[in-house]
Every structure is written in C-alpha cells, then in structure tokens.
Amino acid sequence: AVKGRQGVVIDAKTGKPRASDVAQVQVYMWAVPRALRQYNGVVFSGSVVYENPITPRSETPIPADAINDNFVKNFAGLMGRIAGSVPARKVPSIMECNFCNITRGDCPERASGDVQIEAETELF
C-alpha cells in the first residue's frame, strides 16, 4: 500500500515465524521501488503477519531503516553468489538429505547414515 511517498509491504503467513520471512519482506521493500517505476522514491516499511487457527495472530514490524547499507551489501553479495559463474559449494547434511527423495545415483553429493543428534548444556 502506498500513500504519498510512504509505502508498506505486508506479507501474511501461516505457520511458525521464521527469520527468512522477515528477509523476504526486506527484499520486497528494497526491490519494489526499483522494479516498478510508479514507486520510485517511495520509502517502504514492512510487516509480516502470522495467522493460523492454532496460535494467536502476531505481527513482526520491519522499519524502513532496515533497508540500510549493510542489508544492501549482504543482499548484493548473495545475488552475486547465486548469479555468478562459479557454482555454490554443495554442503548437504544427513539431516537435510533424509528429507529428500533424490537417490545417490542422481545426487553423488547425497549424505547418508544415521542421524544422531548429541548436545550438551549446563542445564542438563
């Protein structure tokens, strides 16, 4: 939504909040005024709204100043790696590969083995 030179990007989600949800809205906040000429010069804030039948409605606001030099630098770096001529390093894990139905014959990088999660904490 836009009024004058102020805009807001609202993304409605179901399920549990994830950090990537906020990053997705930040990308929209950055990209919309660059991709759509009618929004050139509009400053966008954002919000991620979570609604589902199990948990109460919640909202994560994202201020316009979240689109700062650091965000742009990190986003440009990510796009450079994705669009670059050098393929990204593959780092599959057993945990991730257990959810994938691609066989080792089709994916030589596939990790296999038993998943064992071990951790220590001072609490127990």
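**Two helices, a core and some rings**

Hi everyone, let's start with the helix pair: the axes of helix α1, residues 19–35, and helix α2, residues 69–83, come within 12 Å and cross at roughly 100°. That crossing makes α1 roughly perpendicular to α2. Please keep in mind that this is a predicted model.

Which residues in α1 and α2 meet? On the α1 side we have Gln26, Val27 and Trp30, and they meet Phe71, Val72 and Phe75 in α2. Sorted by class, this contact of α1 with α2 has five nonpolar residues, one polar residue and no charged ones.

Now to the rings. How many aromatic pairs does a search of the whole structure find? It finds three. One of them is Trp30 with Phe75, an edge-to-face pair at 5.1 Å centre to centre, with 65° between the planes. Trp30 lies in helix α1 and Phe75 in helix α2, so this pair ties together parts that are 45 residues apart in sequence. Are these two residues buried or partly exposed? Trp30 is partly exposed, with a relative accessible area of 22%, while Phe75 is buried, at 14%. The cut-off for buried is under 20%.

Tyr39 and Phe44 form another edge-to-face pair, at 6.1 Å centre to centre and with 80° between the planes. Here Tyr39 counts as partly exposed at 26% relative accessibility, whereas Phe44 is buried, with a relative accessible area of 7%.

Back at the helices for a moment: ring pairs link Trp30, Phe71 and Phe75 into a cluster. Those three residues also take part in the contact between α1 and α2.

Next, the core. In soluble globular proteins, nonpolar side chains tend to be buried together. In our model, the largest nonpolar core has nine residues: Val9, Val25, Met29, Val42, Phe44, Val48, Tyr50, Ile62 and Ala66. Which elements give two or more residues to this core? They are α1 and β3, the latter spanning 43–50. The largest share, three residues, comes from β3. Phe44, from the pair with Tyr39, is a member of this core.

Let me finish with Val9, another core member. What does Val9 touch, leaving aside residues up to four places away in sequence? The list is Val25, Tyr28, Met29, Phe44, Ser45, Gly46 and Ser47. Among these, Val25, Met29 and Phe44 belong to the core as well.

Notes
Residues numbered from 1 in each chain as written. Predicted model: local features only at pLDDT ≥ 70, side-chain atom pairs only at ≥ 80, totals over all residues. Heavy atoms only, no water. Axes fitted to C-alpha atoms, helices over the stretch in contact; angles between N-to-C directions. Helix = DSSP H or I, 4+ residues; strand = E, 2+ residues; numbered from the N terminus. Parallel < 35°, antiparallel > 145°, perpendicular 65-115°, else oblique. Contact = heavy atoms within 4.5 Å. Nonpolar A, V, L, I, M, F, W, Y, C, P; charged D, E, K, R; others polar. Core = buried A, V, L, I, M, F, W, Y, C linked by side-chain atoms within 4.5 Å. Buried < 20%, exposed > 50% of the residue type's maximum accessible area, 1.4 Å probe, protein only. Phe/Tyr/Trp six-rings, centres within 6.5 Å; stacked < 30°, edge-to-face > 60°.
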